[in-house]
Amino acid sequence: FMGNTIYKTIENAIKHWYLPLIVGVLLIVLGFWTLTKPVESYIMLSIVFAVGFFLSGIFEMIFALSNKHKSWGWSFALGLLSIIIGLLMILNPAISMATLPFYVGFMLLFHSILGISSSYEMRQYGIMDWGWLMLVAVLALIFSFMMLWNPLFAGVSIVVWTGIAFIVTGFYMIYFSTRLIKLNNLWKKMKNEL
């Protein structure tokens, strides 16, 4: 009975491994786009971010609802929050320009906490390189605190730090999807041995 429960949990966790991959690619593209645009286009940037938040929120919620892994509630809440923030930013770009660094900082904070939880889950499933996932999540957590403390720290514009935040989060999501693929292969191997 316990073995069947473990297999079912693994199967559910890896069912839609490609959704974090899509979110990661979107965030990386958004991050590089941000780094190539000047500060003068910050209004346009806030609209692009709003759409990015909205789309990543939708994919995050689909992933959470379709998998029901241990921390699915965090994924669902993060997706819902991303959708709400995206809509608020679309409706009022002037406010989003002033508050965008904090939105990005909090999104990165939530993704980091989710990443720490997910890496611990990977460790429980026996994924050997779960430590890399934990390292990326902890580094993103530190970066999120730096953004929330002072969005313009080190004399670098918020456009650069926002772009870097999206890229870091995007790489984390892609790496997370590769770990889900690894779990998928492990699950298939274990299932074939039965």
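This is a short dialogue on reading helices, burial and a surface patch in a predicted model.

Colleague: What should I know before reading the numbers?

Modeller: The model is predicted: local features need pLDDT of at least 70, side-chain atom pairs count only at pLDDT 80 or more, and totals for chains, interfaces and linings use all residues. Residues are numbered from 1 along each chain as its sequence is written, and side-chain values use heavy atoms, with hydrogens and water left out.

Colleague: How many helices and strands does the protein chain have?

Modeller: Helices (H or I, at least four residues) and strands (E, at least two) are DSSP runs, numbered from the N terminus. The protein chain has 7 helices and 0 strands.

Colleague: What span should helix α6 have?

Modeller: The expected span is 1.5 Å times one less than the number of residues. Helix α6 (residues 130–149) has 20 residues, so 28 Å is expected; its end C-alpha atoms lie 29 Å apart, which agrees. Helix α2, with 19 residues, reaches 27 Å from first C-alpha to last, close to the expected 27 Å.

Colleague: Which residues of α2 are buried?

Modeller: Buried means under 20% relative accessible area, exposed over 50%, partly exposed in between (1.4 Å probe, protein chains only). An α-helix has 3.6 residues a turn, so residues three or four places apart point the same way. In α2 the buried residues are Leu19, Pro20, Val23, Gly24, Leu27, Ile28, Leu30, Gly31 and Thr34. They cover an arc of only 165° around the axis, which puts them on the same side of α2. That arc is taken from the directions from the helix axis to the C-beta atoms. Val29 and Thr36, on the other side of α2, are exposed.

Colleague: Is leucine 114 buried or exposed?

Modeller: Leucine 114 counts as buried, at 6% relative accessibility. Leucine 114 lies in helix α5 (residues 93–124). Contact means heavy atoms within 4.5 Å. Leaving aside neighbours within four places in sequence, leucine 114 contacts Glu60, Ser71, Trp74, Ser75, Leu78 and Tyr172. Leucine 114 and leucine 78 are 36 residues apart in sequence and 9.0 Å apart in space, C-alpha to C-alpha.

Colleague: Which helix supplies the largest share of the nonpolar patch?

Modeller: Patch residues have over 30% relative accessible area and no salt bridge; like charges are joined within 9 Å, nonpolar side chains (Val, Leu, Ile, Met, Phe, Trp, Tyr) within 5 Å. A salt bridge is a side-chain nitrogen of Lys or Arg within 4 Å of a carboxyl oxygen of Asp or Glu. Here, α3 gives the largest share, 6 residues. One patch member is Ile47, partly exposed at 34%.

Methods. Areas by Shrake-Rupley, 256 points an atom, 1.4 Å probe, with all protein chains shown as cover.
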